[in-house]
Amino acid sequence: MKRTLLTILLAICSIVAVNAQYFDLSLNQGRYEVGINLSQVATNTKYSRLTLGGSVMAWGVYLGITTALPQHRYDNTVSDTKWNDDKVVLINAGYQFPVLKWLRVMPLVGYMQSNEGITDASKLNAEADDDASITLYHPYKVTPGSRIHYFDFGGGISVQPLKWFSINLIYTRYSIQGGIGISIPSFSNE
């Protein structure tokens, strides 16, 4: 399935690239986006799961960060139970090359880290925000020697149907992501 998806993505990008005479990098000038991604992180590993992440893009430079927290961190159980959990952090960076005014391709490189640990249900920590909302969570302790580091690479496409909105699809060795980006400066120019 992954190979089929990647083959289709590369075929579309190459057809569009043949029809475009060059990459007009001036289309990235002054473009800033903030986005949210739904991500399947740690694909091809035993830590694979679905989570949310965020991204920023400025002048074509893309940075995406996704964290999959320990599974029982926000569980409301208080007992002597200790869960075996894991945590994943994924960071990708790349550059969006404009193929057409509304289509960009972006090669990506990145870093992923996973670790295993223990979430202790007998302890409950509280964190308060400025608006007096309180978040309760269990502490998580990384098991020494369980941290694994990965080099991540892949690519994506960004489709911009409107000048203030874009849809991003990303496929890397350790993630599959889909998200939206909002260009805040485009609202002020209208």
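**Note on salt bridges, strand pairing and a charged patch**

1. In this predicted model, the side chains of arginine 31 and glutamate 33 form a salt bridge, with 2.4 Å from N to O. Arginine 31 is buried, at a relative accessible area of 7%. Glutamate 33 is buried as well, with a relative accessibility of 7%. Strand E1 covers residues 32–41.

2. How many salt bridges does a search of the whole structure find? The search gives 3. The pair of arginine 31 and glutamate 33 is one of them, and the other pairs are taken up in the next two points.

3. Lysine 46 and glutamate 116 meet through their side chains in a salt bridge of 3.0 Å, N to O. This pair ties together distant parts of the chain, 70 residues apart: lysine 46 sits in the loop between strands E1 and E2, and glutamate 116 sits in strand E6. Is lysine 46 buried or exposed? Lysine 46 is exposed, because its relative accessible area is 66% and the cut-off for exposed is over 50%. Glutamate 116 is partly exposed, with a relative accessibility of 28%.

4. A salt bridge also joins the side chains of arginine 49 and aspartate 86, at 2.4 Å from N to O. Here too the pair links distant parts of the chain, with arginine 49 in strand E2 and aspartate 86 in strand E4, 37 residues apart. Aspartate 86 has a relative accessibility of 11% and arginine 49 one of 15%; both count as buried because buried means under 20%.

5. Strand E4 (residues 82–95) pairs with strand E3 (residues 61–68); the two run antiparallel and are joined by 8 bridges. Which residue of E4 is the bridge partner of threonine 66? The partner is leucine 90.

6. Strand E4 is also joined to strand E6 (residues 103–120), by 13 bridges, and these two strands run antiparallel. Within this pairing, tryptophan 83 stands opposite threonine 119 of E6. Two residues named earlier lie in these strands: aspartate 86 in E4 and glutamate 116 in E6.

7. On the surface, Glu127, Asp129, Asp130 and Asp131 gather in a patch of negative charge. Glutamate 127 belongs to strand E7, which spans residues 125–128. Why can glutamate 127 be described as partly exposed? Its relative accessible area is 44%, so glutamate 127 falls between the cut-offs of 20% for buried and 50% for exposed.

Terms used: Residues are numbered from 1 along each chain as its sequence is written. This is a predicted model: local features need pLDDT of at least 70, side-chain atom pairs count only at pLDDT 80 or more; totals for chains, interfaces and linings use all residues. Side-chain values use heavy atoms; hydrogens and water are left out. Patches are made of residues with over 30% relative accessible area and no salt bridge: like charges are joined within 9 Å, nonpolar side chains (Val, Leu, Ile, Met, Phe, Trp, Tyr) within 5 Å. Accessible areas come from the Shrake-Rupley method with a 1.4 Å probe; for residues, only the protein chains shown count as cover. A salt bridge is a side-chain nitrogen of Lys or Arg within 4 Å of a carboxyl oxygen of Asp or Glu. Lys and Arg count as positive and Asp and Glu as negative; His and the chain ends are not counted. The place of a charge is taken as NZ of Lys, CZ of Arg, CG of Asp or CD of Glu. Helices (H or I, at least four residues) and strands (E, at least two) are DSSP runs, numbered from the N terminus. Buried means under 20% relative accessible area, exposed over 50%, partly exposed in between (1.4 Å probe, protein chains only). Two strands pair if DSSP finds at least two bridges between them.
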